[in-house]
Amino acid sequence: STPYMKVDQMIRAGGDLNLSQANFPSSEESATQVTALRKATKNILYTIAGSNAMNGLGPGVKYKYVTAAWKKWLIALDAIVAAGLVVWGVLAAIFAMKKREEARNDIDE
């Protein structure tokens, strides 16, 4: 199907998405070729089954994107770290200003 590579070689090398181009004559199929085709089919179906494309699959169900729980926790952790860095920066600036003021008071005395 493709001029630059044989589909059988592509699938055996891990190019599972090229499975749609696989049209092998039944007389040329070998046991290893069938195994490679089955593995490529399994990989594609496993990927689709674990994706958001399958959320709420059923009659009368409205489809929507659902953010994974780990992403929500990661966003919350990022916000906490960012807030901590801001507080740390403000406190560092306050302590630096106090230190300068104390140094000025020592010089004045």
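Select Ala 31, Thr 35, Arg 38, Lys 39, Lys 42, Leu 45, Tyr 46 and Ala 49: these residues of helix 2 are exposed, on the side of the helix opposite its buried residues. Keep in mind throughout that the model is predicted.

Now select the buried residues of helix 2, which are Gln 33, Ala 36, Leu 37 and Ala 40. They sit on the same side of the helix, because the arc they cover around the axis is only 100 degrees. To find what they face, add residues 7–12 to the selection: this is helix 1, and the buried residues of helix 2 pack against it.

Stay with helix 2 and show its backbone from residue 31 to residue 49. How far apart are its end C-alpha atoms? They are 27 Å apart, which agrees with the 27 Å that 19 residues should span at 1.5 Å a residue.

Next, move along the chain to Met 54, in the loop between helix 2 and helix 3. Is Met 54 buried or exposed? Neither label applies: its relative accessibility is 35%, so Met 54 counts as partly exposed, since buried means under 20% and exposed over 50%. Show the residues around Met 54 and ignore those within four places in sequence; the contacts that remain are with Ile 48 and Ala 49. Ala 49 was also in the opening selection, among the exposed residues of helix 2.

Continue to helix 3, residues 69–108, and pick out Leu 74, which lies in it. Leu 74 has 42% relative accessibility and therefore counts as partly exposed. Then add Trp 70, Leu 77, Val 81, Leu 85 and Trp 88 and switch on the surface. Together with Leu 74, these residues make a nonpolar surface patch of about 690 Å².

Finally, clear the selection and view the whole chain. Its secondary structure consists of three helices and zero strands, in the order α-α-α along the sequence. Colour the chain by burial: of its 109 residues, 11% count as buried. With the full surface shown, the chain exposes about 9,300 Å², and carbon and sulfur atoms supply 63% of that area. If contacts are drawn for pairs with a separation of 6 or more, residues 24 or more positions apart account for 24% of them.

Note on methods:
Residues are numbered from 1 along each chain as its sequence is written. This is a predicted model: local features need pLDDT of at least 70, side-chain atom pairs count only at pLDDT 80 or more; totals for chains, interfaces and linings use all residues. Side-chain values use heavy atoms; hydrogens and water are left out. Patches are made of residues with over 30% relative accessible area and no salt bridge: like charges are joined within 9 Å, nonpolar side chains (Val, Leu, Ile, Met, Phe, Trp, Tyr) within 5 Å. Accessible areas come from the Shrake-Rupley method with a 1.4 Å probe; for residues, only the protein chains shown count as cover. A salt bridge is a side-chain nitrogen of Lys or Arg within 4 Å of a carboxyl oxygen of Asp or Glu. Helices (H or I, at least four residues) and strands (E, at least two) are DSSP runs, numbered from the N terminus. Buried means under 20% relative accessible area, exposed over 50%, partly exposed in between (1.4 Å probe, protein chains only). The expected span of a helix is 1.5 Å times one less than its number of residues. The arc is that of the directions from the helix axis to the C-beta atoms. Contact means heavy atoms within 4.5 Å.
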